Amino acid sequence: MSHQHTVIKEGEWQDGLCGCCSGGHFWMGWCCPCILVNKTHELLENPSNPNPSGCGMWGCAWCGLNFCGGWGWILECLQRGEVRSKHRIEGSGCTDCLVACCCPCCGVIQSHKEVEKRRDAMHGGVPDKMGYQGQAPMRA
């Protein structure tokens, strides 16, 4: 299996907002975005985390706010701002708010893909999710 080195474009998002259809997070982002919200939060706190949890306080808070009046966009806006700030991505709180309000699922996917790609770039482009690797046979 060959992995390519991940090249990070400084000062900008690695994927556009409409890039939510590629990269394997589409269904989770549209059917259960709270999982990606929590995974993104965990990767922001520990960027080298190989397997962030989809179940946690940040995702539950996002769900709770959405079910109690549709206020989940506030957490998403804060999270996008944190992603931008931490990775020095150009933008503003106004654009974060617009994305969170107008296309929340695409925004959640974009944020998650961003922190994931930057984590993988820290490890030389190889995701730290190799799973079980069998041992070479023993020789006498």
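1. In what follows, a residue is called buried when its relative accessible area is under 20%, exposed when it is over 50%, and partly exposed in between. By that reading C101, with a relative accessible area of 42%, is partly exposed. The model under discussion is a predicted one, and the values quoted below should be read as computed from it.

2. On the cysteines, the structure holds zero disulfides, and the distances between sulfur atoms show why. A disulfide would need two cysteine sulfur atoms within 2.5 Å, whereas the sulfur of C101 has its closest cysteine sulfur in C97, at 4.1 Å, which is too far for a bond. The sulfur of C32 gives a similar account, since the closest cysteine sulfur to it belongs to C34 and lies 4.0 Å away, again too far for a bond. C32 is also partly exposed, at a relative accessible area of 30%.

3. Turning to the aromatic residues, a search of the whole structure returns three aromatic pairs. One of them joins F26 and W27, whose ring centres are 4.9 Å apart and whose planes meet at 80 degrees, so that the pair counts as edge-to-face; the cut-off that matters for this label is an angle over 60 degrees. The two partners fall into separate accessibility classes, because F26 has a relative accessibility of 24% and counts as partly exposed, while W27 reaches 62% and is exposed.

4. Another pair is formed by W71 and W73, with ring centres 6.3 Å apart and planes at 35 degrees, so this pair is described as tilted. The centre-to-centre distance may be set against the limit of 6.5 Å used for pairing, and the angle against the limit of 30 degrees, under which planes count as stacked. Both residues are partly exposed, W71 with a relative accessible area of 43% and W73 with 26%.

5. Beyond the individual pairs, F26 and W27 also belong, together with W30, to one aromatic cluster.

6. W71 appears once more in a surface feature, for it forms a nonpolar patch with L65, I74 and L78, and the four together have about 360 Å² of accessible area. Membership of such a patch asks for over 30% relative accessible area, a condition that W71 meets at 43% and that L78 meets at 53%, a value at which L78 counts as exposed. As for its place in the fold, L78 is found in helix α4, which covers residues 72-86.

Notes. Residues numbered from 1 in each chain as written. Predicted model: local features only at pLDDT ≥ 70, side-chain atom pairs only at ≥ 80, totals over all residues. Heavy atoms only, no water. Patch = residues over 30% accessible without salt bridge, like charges linked within 9 Å, V, L, I, M, F, W, Y side chains within 5 Å. Areas by Shrake-Rupley, 256 points an atom, 1.4 Å probe, with all protein chains shown as cover. Salt bridge = Lys/Arg side-chain N within 4 Å of Asp/Glu carboxyl O. Helix = DSSP H or I, 4+ residues; strand = E, 2+ residues; numbered from the N terminus. Buried < 20%, exposed > 50% of the residue type's maximum accessible area, 1.4 Å probe, protein only. Phe/Tyr/Trp six-rings, centres within 6.5 Å; stacked < 30°, edge-to-face > 60°.
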